[in-house]
Amino acid sequence: MDTVIGLGSAGCNIADEFTKYSQYKVYKIDCNLKGLRQDGIYDMPWQDSPERYEEKCPDMTNFFKDVYGDVLFVVGGSGNISGAALSILEHIKHCNINILYIRPDLESISITKMKQEWVVFNVLQEYARSGVFNRIYLVDNSKVEENLGNVPVIGYYDRLNSMIVSSLHMINVYNHIEPVVDTYSKPPAGRRISTIGFYDTENNENKLFYSLDNVGEMRYYYAINKEKLETDGDILKKIREQIKSETETSYGIFSTNYDQDYVYTVANSSEIQRQKK
C-alpha cells in the first residue's frame, strides 16, 4: 500500500494520518478541499445525493496518472460522496487495491444515512470477496474506542485514527520484511474480508477493530525486543500457548529495538459481514 487514497471526510482524515510515514503517497478527494491536484488534492464538486455523486463523478485519469502498484483506498459509507467510490476505483483498476472501510456509530446517524452506509458496506465487500479488490479491512469506530479505553471528547477522532493507521502501518511494514521465524502461508483466495487489531498479552485477549463473524484465520505479528529474543528461551512456548485456538492461526516474530513488545493481528473471513447495530 504505497499509495493511500482517502475519499470523503473520514477517508481524508485517515489519509492525513498516513502522511506521518514517508513511504506513502497520499491522495485526498472531498468537497471544499484546499490545495492543488498536482499535490494529491481533488476538490470534488458538491452533489446532493450519492446517486448524483456517482452520475457526475469527473474523469480522474490525469489525477491518478502516477498511481500504480499497491493502493489503500479509505472510505466511510455514510457520506453522500461515497456514492462515487466505484467510479473512482475504476480509474485505478490496474492497481492492487485494498479497501479500508470505516463504519460510523450507526446509532448516531439518520435512517437515510444508515441505508446509504449499508449499501456501500455490502457492495464493497462483494467486490472484495469476488477478487476485484485484494482485500477489504473493516473497522468499527466504536470497537476502536472500546479497545482504547477512555477517549476524551477533544481529539476523539484523532486518537481513533492514530490507532487505526499506526496498526495498519506496522502490519504493512512487517509484511515487507523478513521475520526471525514464522508459520505464515498464503491465505486462501476466498478469505478477503478482514479486520485488524492487537493482542493484549496481559489479559490474553484479541482486541479487534471489528467484530468479524466466522473468522477463518488469525495472523499474529509479534514485535519483540531483540535482546529478549536473544535471551528468553520461553518465547516460542508462550506464543504457541497464547494463540491456541480452533481457528486456523499463524504467526511471525520480528526483532525490534523497542523497549516494549507489541502484537498486531489480522483476522480473515470468507463471509460477507451483515448489519450490526
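**Exercise 1.** Which element gives the largest share of the lining of the largest pocket?

*Solution.* Keep in mind as you work that this is a predicted model.

Step 1: Start with the pocket itself, whose volume is about 620 Å³. Its lining is made up of 27 residues, and those nearest the centre are Asn134, Arg135, Tyr137, Asn175 and Pro187.

Step 2: List the elements that give two or more residues to this lining: strand 5 (96-103), strand 6 (135-140), helix 6 (156-175), strand 10 (215-225) and strand 12 (262-269).

Step 3: Pick out the main contributor. Helix 6 provides the largest share, with five residues.

**Exercise 2.** Sort the lining residues of the largest pocket into nonpolar, polar and charged.

*Solution.* Go through the lining by residue type. You should arrive at 14 nonpolar, seven polar and six charged residues.

**Exercise 3.** Now describe the second largest pocket in the same spirit: its volume, its central residues and the elements around it.

*Solution.* Step 1: The volume here is about 520 Å³.

Step 2: Look to the centre of the second largest pocket, where Ser9, Ala10, Ser78, Pro104 and Asn141 are the closest of 28 lining residues.

Step 3: Two or more lining residues come from each of helix 1 (8-18), strand 4 (70-76), strand 5, helix 5 (141-148) and helix 6. Helix 1 gives the largest share, six residues.

Step 4: Finish with the residue types. The lining of the second largest pocket holds eleven nonpolar, 13 polar and four charged residues.

Note on methods: Residues numbered from 1 in each chain as written. Predicted model: local features only at pLDDT ≥ 70, side-chain atom pairs only at ≥ 80, totals over all residues. Heavy atoms only, no water. 1 Å grid on protein atoms, 1.4 Å probe; cavity = no way out; pocket = protein on both sides within 12 Å on 5 of 7 lines; lining within 4 Å. Points joined across faces, edges and corners; volume = space filled by probe spheres on them. Helix = DSSP H or I, 4+ residues; strand = E, 2+ residues; numbered from the N terminus. Nonpolar A, V, L, I, M, F, W, Y, C, P; charged D, E, K, R; others polar.
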